[in-house]
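User: Could you show me how to read a few features in a structure? I am new to this and would love to go step by step.
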Amino acid sequence: MMDVSHPPVLSPSNIGSFAYLTVKDRLPVILTRVIDYLYRERISLGLKYGEAAQEGCKEVVSRLSQMKNEMQTNKDFQLLWSPQPNNPYDDSEIWNQQFESYVSTYGVSPKWFAASWLYAECYMYARIHEALYLCDPLRDFDPFEEQKQKSLVDSQIAVEALTDKVSSICSALSSHTQDQLKQHVLKFFEVSLWGNKCDLSISSGGECCQAEDVFSSLEKLRSNIIVNDSNMLWQLLISLPEDQRDIALVLDNAGFELISDLCLMTILMEAGLTTSLTLYPKTRPWFVSDALEKDLRWTVDKLRSNSGSGGQIATKWSSYLSDGRWKICNSKFWTTGYDYAEMSKLSPDLYSQLSKASLIIFKGDLNYRKLTGDLEWPTDTKFEYALQDFRPTPLLAVRTAKGGPVVGLLPGQSKTISSVDRDWNINGDYGMIQLCTFS
Ligand SMILES: O=P(O)(O)OC[C@H]1O[C@](O)(CO)[C@@H](O)[C@@H]1O
Ligand SMILES: [Mn+2]
């Protein structure tokens with residue numbers, strides 16, 4: 001274990017902090033939306049999943065209302081129902097173990113406003129899933145699916161602009177100089193970065209889409225990239241040996257962000273900078289907009305049915321998936337309440353699988369929180385230091401800052417940014433393309 005002294009963890013016990021406001025205001029709104037949605041749709045869900053689902057909706061509503069009350073009155077967390085025999089991604093044991101270890105460390109049960117922010121927020125999604133899972137006909141129901149699908153449909157113009165661009169770059173690849181290729185690739189990393197600006201949990205499940213062509217704003221947005229390791233990233237990509245160009249992509253949100261990620265990966269594949277890709281989605285409905293395997297497959301199919309560049313590119317994605325150059329790998333570790341410094345202990349198989357990649361790309365704010373332990377690091381802490389015991393292989397974080405820690409800034413940089421924008425670390429307007437090679 002590295003010798004790392006730890007700052008405190010971000011916590012909702014800190015009244016007025018973003019963590020506090022999330023648990024006090026944002027999470028109850030997300031829960032209320034799920035409750036209202038299930039109650040409103042109970043008849044149509046009954047028609048779709050059978051009569052028992054209609055009654056089931058009422059049970060789920062009652063469980064979720066109970067949880068909302070527990071949250072708002074700062075009650076103890078509960079153990080999760082365990083084991084869940086038909087759930088291949090049953091992680092209730094890990095959740096209950098985290099509960100027990102909290103009790104043995106602090107001598108009391110975790111509570112909504114006393115546990116860490118990361119633990120509390122992740123726990124809410126585990127409980128939403130459990131509430132559905134306990135109702136047989138609704139066990140695989142995703143209450144956020146409609147929103148995720150709508151956010152993609154509403155982003156159609158931006159998606160078309162993106163796929164047109166990918167298609168024109170790919171068809172001219174052989175005529176590009178290395179410098180031109182570099183410019184294209186790095187721009188697509190930026191598109192994937194800004195694709196993360198919008199997620200459905202920051203808007204408490206309200207509407208969120210990418211309405212405009214993001215490509216035309218890249219230049220203007222570049223000064224908002226507060227850590228930009230793009231040049232180092234390019235050096236790393238071009239120096240990979242030909243038989244070791246395997247990328248692991250830890251996905252974040254469905255919708256425009258997912259399309260931007262897959263477009264980036266398409267350029268890397270077509271340019272030969274990547275030869276194989278493993279995609280890691282979530283295994284339960286998560287932080288409203290996070291992509292599950294079925295969202296990923298739906299996205300590919302949906303785009304494939306488009307005429308024009310979108311259809312062509314999604315057809316490429318299907319063939320990558322069917323010939324095995326792209327793999328989808330599910331792991332239950334992503335939806336536990338643990339940060340990534342715990343991965344080698346709690347999920348050694350996942351850790352060793354990730355360690356074999358040439359580069360792991362972590363998308364989004366929550367992944368960044370889990371990479372850095374969600375601790376109150378001073379902003380000029382070295383990224384490698386904040387990763388603590390998580391050192392699998394070179395890794396890249398691509399995230400807009402939406403409340404989690406920010407590390408790797410220059411001394412004084414955060415002060416300068418704050419003087420321009422007080423909310424810079426929560427509003428998603430500032431981004432990071434941050435590499436750690438552990439060298
Ligand atoms: O989809 P992302 O980028 O991981 O963001 C998830 C959101 O949830 C949070 O982690 C907490 O609500 C925010 O920090 C962030 O806005
Ligand atoms: Mn997300």
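User: In which loop is Pro83 found?

Analyst: In this predicted model, Pro83 is found in the loop that runs between α3 (51-72) and α4 (92-106). Look at the bond leading into Pro83: the peptide bond from Ser82 is cis, and its omega is near -10 degrees.

User: Thanks! Now the metal. Which residues are the protein donors of the manganese ion (ligand 2)?

Analyst: A donor here is an N, O or S atom within 2.8 Å of the metal. For the manganese ion (ligand 2), the protein donors are Asp252 (OD), Asn253 (OD1) and Asp290 (OD), at 2.1 to 2.3 Å from the ion.

User: How are the donor residues spaced in sequence?

Analyst: The spacing for the manganese ion (ligand 2) is D-N-x36-D.

User: Are Asp252 and Asn253 buried or exposed?

Analyst: The cut-off for buried is under 20% relative accessible area. Both Asp252 and Asn253 are buried.

User: And backbone angles? Which sign does phi have at Val288?

Analyst: Val288 is not a glycine, yet its phi is positive, about 60 degrees. You will find Val288 in the loop between β3 (276-280) and α12 (293-304). Val288 has a relative accessible area of 1%, so it counts as buried.

User: What is phi at Phe438, and where is Phe438 placed?

Analyst: Phe438, also not a glycine, has a positive phi of about 55 degrees. Its place is in the segment after β7 (431-436). Phe438 is counted as buried because its relative accessibility is 18%, and the cut-off is under 20%.

Conventions:
Residues are numbered from 1 along each chain as its sequence is written. Chains are lettered from A and ligands numbered from 1 in the order in which they are written. This is a predicted model: local features need pLDDT of at least 70, side-chain atom pairs count only at pLDDT 80 or more; totals for chains, interfaces and linings use all residues. Side-chain values use heavy atoms; hydrogens and water are left out. Donors are N, O and S atoms within 2.8 Å of the metal (3.2 Å for Na, K and Ca); water is not among the atoms, so sites may look incomplete. Buried means under 20% relative accessible area, exposed over 50%, partly exposed in between (1.4 Å probe, protein chains only). Helices (H or I, at least four residues) and strands (E, at least two) are DSSP runs, numbered from the N terminus.
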